[in-house]
Amino acid sequence: MRISLFLLTMLCSLSQLAIAQTQHQSTGWLFLMNNTKISKKWGTHLDVQLRSSDQFSLLRNFMFRPGLTYFINDKSDVTLGYLLNETFSGQDMIGTRNNTLTEHRIWQQYIYKHKISTVNVSHRLRLEQRFMEQNAGSDLFAQRFRYFFRMILPLEKGKQDFDKGPFAALQNELFFNVQNKGKLNGSVFDQNRAYLAAGYRFSKKMDLEVGYLNQAVKGLRQNSMNHAVQLALYTRF
């Protein structure tokens with residue numbers, strides 16, 4: 001019942017995006033993630049992202065996200081972290097080139113992992129406190145909740161303990177504004193990111209994948225649909 005309500009809510013939100021006027025973009029994303037276990041119970045998280053502007057013309061976003069992880073057990077962990085997000089626009093309100101807007105975030109997340117047959121599944125719940133620099137006026141504070149799930153399917157049959165070989169990855173992430181939505185897009189629903197990729201696991205310590213990401217964003221005046229090609233490298237130590 002809960003799953004049905006969740007899917008219905010997601011479909012209704014996406015249908016609202018489809019009905020409204022939508023601006024389409026094509027971008028490229030580079031995603032680098034590392035998780036390092038420093039003891040039985042503690043570890044570090046770091047991801048770095050570079051995102052292009054429309055038509056791959058310029059660098060639009062640089063994101064740096066470190067965190068400290070506590071492992072509850074083999075299937076669950078929690079992380080507290082910080083994010084620096086630099087957004088480079090082509091020009092500012094008066095036409096000055098290379099205007100930069102900075103966003104700082106504090107974030108908390110919970111991850112639960114399990115298997116369905118040979119498929120590795122992970123669920124992530126993340127809460128973000130966002131401190132956003134604005135083009136005009138005072139800076140904005142908002143909070144956002146994100147739900148993410150990811151499935152990795154080994155492409156070689158009989159891979160119960162998947163440590164090497166090709167795989168397919170499928171993931172989706174929903175974003176919801178939980179504070180100051182009126183100053184963002186006036187909606188609880190913020191965006192959805194659906195992603196499909198093909199990858200190769202070189203060892204238990206490294207994955208490389210490339211895929212297509214569809215980002216549907218609810219805007220204040222106009223919605224956007226971003227078609228992104230993503231190259232991702234995952235390392236684990």
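User: Where is the place of asparagine 180?
Analyst: The model is predicted. Strand 8 covers residues 165-179, and strand 9 covers residues 189-203. Asparagine 180 has its place in the loop between strand 8 and strand 9.

User: What value is phi of asparagine 180 near?
Analyst: Asparagine 180 is a residue other than glycine, yet its phi is positive. The residue is partly exposed, with a relative accessible area of 29%. Its phi is near 60°.

User: Which residue has a positive phi of about 60° although it is not a glycine, and lies in the loop between strand 2 and strand 3?
Analyst: Strand 2 spans 42-52, and strand 3 spans 59-71. The residue in the loop between them counts as partly exposed, at 47% relative accessibility. Its phi is positive, about 60°, and it is not a glycine. The residue is phenylalanine 56.

User: How confident is the prediction, and what pLDDT does the protein average?
Analyst: Of the residues, 88% score at least 70. Across the protein, pLDDT averages 90.

User: How many contacts beyond four places in sequence does the model have for residues 1-9?
Analyst: Over residues 1-9, pLDDT stays under 50. Where pLDDT is low, the predicted coordinates should not be read in detail. For residues 1-9, the count of contacts beyond four places in sequence is 2.

User: For residues 92-97, how many contacts beyond four places in sequence does the model have?
Analyst: Here too pLDDT stays under 50. The contacts of residues 92-97 beyond four places in sequence number 6.

User: In which sense do strand 1 and strand 11 pair?
Analyst: Strand 1 runs over residues 22-37 and strand 11 over residues 223-236. Leucine 30 has leucine 231 in strand 11 as its bridge partner. Over 14 bridges, the sense of the pairing is parallel.

User: How many residues lie between strand 10 and strand 11 in their hairpin?
Analyst: Strand 10 (residues 206-217) runs antiparallel to strand 11, with 12 bridges joining them. One pair across them sets glycine 211 opposite glutamine 230. In the hairpin, the number of residues between the two strands is 5.

User: Which residue in strand 8 stands opposite isoleucine 152?
Analyst: Strand 7 (residues 140-154) pairs with strand 8 in the antiparallel sense, over 12 bridges. Opposite isoleucine 152, in strand 8, stands alanine 169.

User: What is the bridge partner of glutamate 173 in strand 9?
Analyst: Strand 8 pairs with strand 9 over 12 bridges, in the antiparallel sense. In strand 9, glutamate 173 is partnered by arginine 193.

User: Which residue forms a salt bridge with glutamate 173, the closest N and O atoms being 2.9 Å apart?
Analyst: Side chains of opposite charge can pair when their charged atoms come close. The closest N and O atoms of this pair are 2.9 Å apart. The partner lies in strand 6 (residues 119-132), and 49 residues separate it from glutamate 173 in strand 8. Glutamate 173 is buried, and so is its partner, arginine 124.

User: How many residues apart in sequence are the parts tied together by glutamate 128 and arginine 144?
Analyst: Their side chains meet in a salt bridge of 3.0 Å, N to O. Glutamate 128 is buried at 1% relative accessible area, and arginine 144 is buried at 3%. Glutamate 128 lies in strand 6 and arginine 144 in strand 7, so the pair ties together parts whose separation in residues is 16.

User: Is aspartate 190 buried or exposed?
Analyst: Aspartate 190 meets arginine 144 in a salt bridge of 3.2 Å, N to O. Arginine 144 lies in strand 7 and aspartate 190 in strand 9, so the pair ties together parts 46 residues apart in sequence. The relative accessible area of aspartate 190 is 8%, and the cut-off is under 20%. Aspartate 190 is therefore buried.

User: How many salt bridges does the structure hold?
Analyst: A network of salt bridges links Glu103, Arg105, Arg124, Glu128, Arg130, Arg144, Arg146, Glu173 and Asp190. For the structure, the number of salt bridges is 13.

User: Which strands each supply at least two residues of the nonpolar patch?
Analyst: The nonpolar surface patch of about 760 Å² includes Ile38, Trp42, Leu68 and Tyr110. Leucine 68 has its place in strand 3. At least two residues of the patch come from each of strand 3 (59-71) and strand 5 (97-116).

User: Why does leucine 68 count as partly exposed?
Analyst: Partly exposed lies between the cut-offs of 20% and 50% relative accessible area. Leucine 68 is partly exposed because its relative accessible area is 43%.

How values were computed
Residues numbered from 1 in each chain as written. Predicted model: local features only at pLDDT ≥ 70, side-chain atom pairs only at ≥ 80, totals over all residues. Heavy atoms only, no water. Pairing = 2+ DSSP bridges. Helix = DSSP H or I, 4+ residues; strand = E, 2+ residues; numbered from the N terminus. Patch = residues over 30% accessible without salt bridge, like charges linked within 9 Å, V, L, I, M, F, W, Y side chains within 5 Å. Areas by Shrake-Rupley, 256 points an atom, 1.4 Å probe, with all protein chains shown as cover. Salt bridge = Lys/Arg side-chain N within 4 Å of Asp/Glu carboxyl O. Buried < 20%, exposed > 50% of the residue type's maximum accessible area, 1.4 Å probe, protein only. pLDDT = per-residue confidence, 0-100. Contact = heavy atoms within 4.5 Å.
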